[in-house]
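Grab a pencil and take your time with the exercises below. Try each task on your own before you read its solution.

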Amino acid sequence: MKNNVVIIGGGLGGLFCGAILAKEGLRVTVLEKNATIGGGLQTFTRFGEVFDTGMHVVGGLQPGGNIWRICRYLGIEDKIRVRDVDADCADSLYFAEDHRYYTIAKGRDSFVDTLAKDFPHERENLLRYVDALYALTEELDLFYLRPARTGIITHSSDFMIAADDFIAKYIGDRKLRSVVAYMNPLYGGRGGQTPAYVHALISVLYINGASRFVGGSSRFANLLANVIRQHGGEVIAGDGVEWIECEMRNAEGGKKAVKYVRTHNGCQYEADWYISDIHPCTLLTLMDEHTFPKAFRDRMNEIPNSYSAFSLYIKMKDGRFPYINHSEYYTTRYDGIWNFCREASAWPMGFLLMTPPEENQGPWSTKVLVTAPMQFDMVRQWENTTVGKRGPEYEQWKQQRTDELLTMVEELHPGFCDAIEAVNASSPLTIRDFYGVKEGSCCGFSKDCNNLTLTELPVVTKVCNLLLTGQNNNLHGFCGVPLTAITTCEVILGQNAVLSKL
């Protein structure tokens, strides 16, 4: 049966696009290469525990939040299992440089109050800074799910400057400038490059309140897949697209269009529309090289990717490590917050530690996740290897990196290593191979305020029935991807067709 829409990739963006379009009456088929759907929402089992691969802390899912409103529109808001982080300590920060701890509380006023305790001389500056953050987010209607305005949209002078310059404009204390940028690892933030609006969107999202998935993030992926199936669509895992056949269509003004896609198992799917939820550079390898102009292909390969990560999935001994209902950020130096993965010799410059909640979570945690940003160059010597066949040198390298990270965790939690039962580690190669993303990038293409024409990628392509979605377009992360999915879907459904219902 011919589909209205075929979606290449069953990650968060593909599933949100599929759920929205299926709800609006289109016949949708999602094709995912991995055995499990979800992309960064995937989970895996080790040592008898279920671990999330990503999406550890999410914003926008509290009642009234932007992603919660999309889920309400899809009819799944009451089925989502999340646990809100503590209001009085949403995040805790530790800077090894001076052995200082800081606490970040939930809410606009509380955010200022908790930081003003450590920086009382900056209270007024903090108030102005937070006001400026929220003002930047107001410039993006999509963030608040407001119907798009027509005509030319202008932005403030703060919108396009570098995030570190934006912070310095309002905050005088150099240490505080780094403290308020503590979430840089979540979205690949870099000094002199990351636009201020990206910093503002992420900061406001988490100031408003963050949550964690209970019992594994894959449950959320399955909720989206169920919406697709309930409306007559299909979600097929374990059979990814290996070829995209295109043709010239005179009826479309001589433009190229996708004719069909073929999967690894030899199945062929035809549709009116095709949506790619995979990395654009990976997409190009599935098509004839002349489908897109050389200038476009060169541009895709020139856009720098955000950095990757090295992660530890740790099973703890029973009753030995407490459940912590907030995230912990460790940073070696204050200036390091703007320079993650710029100095290979300095790895690790920091990490994020969290204890994922389970159903009926008690006082003790059975597992801990530790993630440290890492550039792909650190594993480039093994880039032509495959999972399970990287050789003993790689395994030795991975053990060394594991030991380095655990030494830093021990500084944060003395006695931590004695409470460990087992450890599994993953590197940028793991992310590259399982997610199919160039250089194992965690946040897609890296935004650069100095050259946004290079790093901004529209969802519409020169192949007339092929659209893009995912975090390489528009915004990063768990919030940005669903918002981009709306933009993609409205190319098919019509401008504001979805937003007007939210």
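Here are five exercises, each with a worked solution.

Before you start: this is a predicted model, where local features need pLDDT of at least 70 and side-chain atom pairs count only at pLDDT 80 or more, while totals for chains, interfaces and linings use all residues. Residues are numbered from 1 along each chain as its sequence is written, and side-chain values use heavy atoms, with hydrogens and water left out.

**Exercise 1. Map the seven-stranded sheet**

Task: Work out the strand order of the open sheet of seven strands, and find which strands stand at its edges.

Step 1. First, the vocabulary: strands (E, at least two residues) and helices (H or I, at least four) are DSSP runs, numbered from the N terminus. Two strands pair if DSSP finds at least two bridges between them.

Step 2. Reading across, the order is β8-β7-β16-β17-β18-β15-β19, and the pairing is mixed.

Step 3. At the edges you find β8 (100-104) and β19 (420-426); each has a single partner strand, so one side of each is left without a neighbour in the sheet.

Step 4. From one strand to the next, the twist averages 20°. For angles, axes are lines fitted to C-alpha atoms (for helices, over the stretch in contact), and values run from 0 to 180 degrees between N-to-C directions.

Step 5. Now check a pairing: β15 (residues 308-316) and β18 run antiparallel, joined by eight bridges. Here Tyr 313 stands opposite Leu 369 in β18.

Step 6. Add the helices. α12 lies across β7, β8, β15, β16, β17, β18 and β19, at about 70° to β15. Helix α13 (residues 428-435) also packs on the sheet: it touches β15, β18 and β19, and its direction makes about 100° with that of β15.

**Exercise 2. Zoom in on β16**

Task: Are the residues of β16 buried or exposed, and which strands does β16 pair with?

Step 1. Buried means under 20% relative accessible area, exposed over 50%, and partly exposed in between (1.4 Å probe, protein chains only).

Step 2. In β16 (residues 327-331), five of five residues are buried.

Step 3. In a regular strand the side chains alternate between the two faces of the sheet. For β16, one side has Ser 327, Tyr 329 and Thr 331, the other has Glu 328 and Tyr 330, and both faces are covered.

Step 4. On to the partners. β7 (residues 91-95) pairs with β16 in the parallel sense over five bridges, whereas β17 (residues 350-354) runs antiparallel to β16, with four bridges. Tyr 329 takes part in both: it is the bridge partner of Leu 93, and it stands opposite Leu 352 in β17.

**Exercise 3. A sheet of three strands**

Task: Which strands of the sheet β11-β12-β13 stand at the edges?

Step 1. This open sheet has antiparallel pairing.

Step 2. The edges are β11 (241-249) and β13 (268-269): each has a single partner strand, so one side of each lacks a neighbour in the sheet.

Step 3. Between β12 (residues 255-263) and β13 there are two bridges, and Arg 262 has Gln 268 as its bridge partner.

**Exercise 4. Follow Arg 390**

Task: Where is Arg 390, and which side chains does its side chain make polar contacts with?

Step 1. Arg 390 sits in the loop between β18 (367-374) and α12 (392-412). Its relative accessible area is 9%, so Arg 390 is buried.

Step 2. A polar contact is a pair of N or O atoms within 3.5 Å; within protein, one must be able to donate a hydrogen and the other to accept it, and residues adjacent in sequence count only if both atoms are side-chain atoms.

Step 3. The side chain of Arg 390 makes such contacts with the side chains of Thr 385 (2.9 Å) and Asp 433 (2.7 Å).

**Exercise 5. Find the aromatic pairs**

Task: How many aromatic pairs does the structure hold, and what does the pair of Phe 321 and Phe 416 tie together?

Step 1. Rings of Phe, Tyr and Trp (its six-membered ring) pair if their centres lie within 6.5 Å; planes under 30 degrees apart count as stacked, over 60 as edge-to-face and the rest as tilted.

Step 2. The count is 26 aromatic pairs. Phe 321 and Phe 416 make an edge-to-face one, 5.1 Å centre to centre with 90° between the planes.

Step 3. Phe 321 lies in the loop between β15 and β16 and Phe 416 in the loop between α12 and β19, so the pair ties together parts 95 residues apart in sequence. Both are buried.

Note on methods:
Contact = heavy atoms within 4.5 Å.
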